Amino acid sequence: MSDVLDQARENPAAGNPASTPQREARTEGAARPLPLAGVRVLDVSQVMAGPYSCMLLGDLGADVIKIEPPGTGDQTRGAMGFKMKGPDSMGFLNMNRNKRSVAVNLKSEAGRELFYELVKSADILVENYRPGVMKKLKCDYETVRQYNPRLVYASISGFGQTGPWAGRPGFDLMAQAMSGVMSVTGHPGGLPVKAGVPVADIGCGLFATYAVLAAYIGAKNTGEGQYIDASLFEAALAFSVWDISEYWGRGTQPIPLGTANRMSAPYQAVKSSDGYFVMGATNQKLWLQLCETIGRQDLLEDPRFKTNPDRLAHREELIVELEKTFVTRTSDDWVESLLAVGIPAGTMHSYPEAFESEHGRHRQMRIEIDHPNEGKVSNIGFAVKLTGTPQQVRRHPPLLGQHTDEVLKEIGLDAAAVEALTARGAFAP
């Protein structure tokens with residue numbers, strides 16, 4: 001540690017991070033503090049899985065400090081191929097609310113010294129660089145735990161920190177392909193299809209979040225943090241419950257089923273007079289009710305469709321028979337009729353239709369955030385609702401390095417210390 005940094009930390013006038021209001025121990029206007037108020041998170045990640053995980057922690061009240069490379073920042077800031085009013089992409093704006101941005105060059109010795117100071121005040125650190133990069137930067141867990149033994153440190157990567165594939169780049173597409181997700185996505189005999197949403201990225205972000213929260217609770221009880229190894233590959237594998245259960249139970253290779261289901265039939269999209277809708281008669285009671293409702297009692301006597309195993313074995317023939325009736329009315333008509341008798345059914349929406357639906361609006365799944373460049377910017381709303389301490393948008397997605405000076409003051413660095421760090425390249429691209 002440089003003498004300048006040591007002197008700055010010894011100066012009481014420079015500030016005490018443990019007592020600064022920016023730790024946000026209580027949310028303004030709230031009757032109770034948000035669950036993670038007072039928890040400090042260092043977000044040393046880019047693109048999706050890591051930033052998404054840290055945004056969830058920020059939504060719950062954590063003080064998330066996003067550590068970004070000077071000049072470029074999180075590479076998602078410039079992604080997506082279309083321009084907003086400012087330099088940041090809509091994707092970045094949807095994964096980085098409730099954070100503060102500090103631009104620091106971790107490749108410089110001065111930048112690392114500053115990073116260690118930030119580590120001392122943190123509870124959780126999340127990074128998603130390729131295995132070995134953080135060690136090369138001297139920012140790996142074994143190094144930084146010397147400055148904060150209670151730190152919970154999570155590494156997110158494509159394939160984990162160890163193993164034959166550990167050194168490979170980590171992208172959702174590769175994780176979907178190599179985990180088997182793509183082998184069961186699409187229609188039988190069709191071209192390879194990935195899941196339409198980034199299940200490996202988002203899934204890994206969610207798994208990482210649950211792990212760091214569990215480890216944080218443990219660290220509060222013991223005073224000792226721990227290292228978490230999360231990967232997109234394993235997150236994608238974790239979603240294979242029905243598919244791998246079929247293989248382990250029957251020895252049958254899972255194949256793509258389109259919209260159908262391995263456990264029951266009929267349970268899929270079916271054709272109507274104006275398109276498609278989804279429905280599911282997932283047990284014998286619902287099957288009997290379905291045949292009664294659509295006036296196809298003849299199907300009850302067909303030996304191919306007597307039981308659920310029979311219907312699964314003859315799924316294609318079953319759907320052909322059902323669609324003979326379903327094509328006589330519109331999707332909305334059928335959905336209304338089936339729901340009226342307790343049979344699960346639903347309209348197929350596009351994303352815009354879902355977000356703007358009466359229910360989507362009621363559940364506030366599209367929210368508007370004030371932003372200095374964009375004015376009002378749309379964000380995906382909170383996917384779960386806490387009734388006692390509702391999540392809040394306390395901060396707009398940060399501009400690159402917007403909070404550098406603010407955070408440095410919180411950790412006790414005065415103007416002289418910042419000037420010295422600047423001269424030594426801590427903030428240079």
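Mentor: Contact means heavy atoms within 4.5 Å. Keep in mind as we go that this is a predicted model.

Trainee: Glad to start there! Which helix lies across E7 and E8, and at about what angle does it run to E7?

Mentor: Begin with the strands themselves: E7 and strand E8 (residues 275–280) pair in the antiparallel sense over six bridges. One of the pairings puts Tyr267 opposite Gly280 in E8. The helix lying across E7 and E8 covers residues 315–326; this is H13, and its angle to E7 is about 40 degrees.

Trainee: Which strands are the edge strands of that open sheet?

Mentor: The sheet has three antiparallel strands in the order E7-E8-E9. An edge strand pairs on one side only, and that holds for strand E7 (267–272) and strand E9 (345–347).

Trainee: Now the charges. How many residues apart in sequence are the parts tied together by Asp59 and Arg97?

Mentor: Asp59 and Arg97 form a salt bridge, with 2.9 Å between the closest N and O atoms. Asp59 sits in helix H2 (residues 49–59), while Arg97 is in the loop between helix H3 (90–93) and strand E3 (99–103), so the parts they tie together are apart in sequence by 38 residues.

Trainee: And in the salt bridge of Arg250 with Glu246, is Glu246 buried or exposed?

Mentor: The closest N and O atoms of this pair are 3.6 Å apart, and the two residues are four residues apart in helix H10 (residues 241–250), about one helical turn. Arg250 is exposed at 64% relative accessible area. The cut-off for buried is under 20%, and Glu246 has 16%, so Glu246 is buried.

Definitions and conventions
Residues are numbered from 1 along each chain as its sequence is written. This is a predicted model: local features need pLDDT of at least 70, side-chain atom pairs count only at pLDDT 80 or more; totals for chains, interfaces and linings use all residues. Side-chain values use heavy atoms; hydrogens and water are left out. Two strands pair if DSSP finds at least two bridges between them. Axes are lines fitted to C-alpha atoms, for helices over the stretch in contact, and angles run from 0 to 180 degrees between N-to-C directions. A salt bridge is a side-chain nitrogen of Lys or Arg within 4 Å of a carboxyl oxygen of Asp or Glu. Buried means under 20% relative accessible area, exposed over 50%, partly exposed in between (1.4 Å probe, protein chains only).
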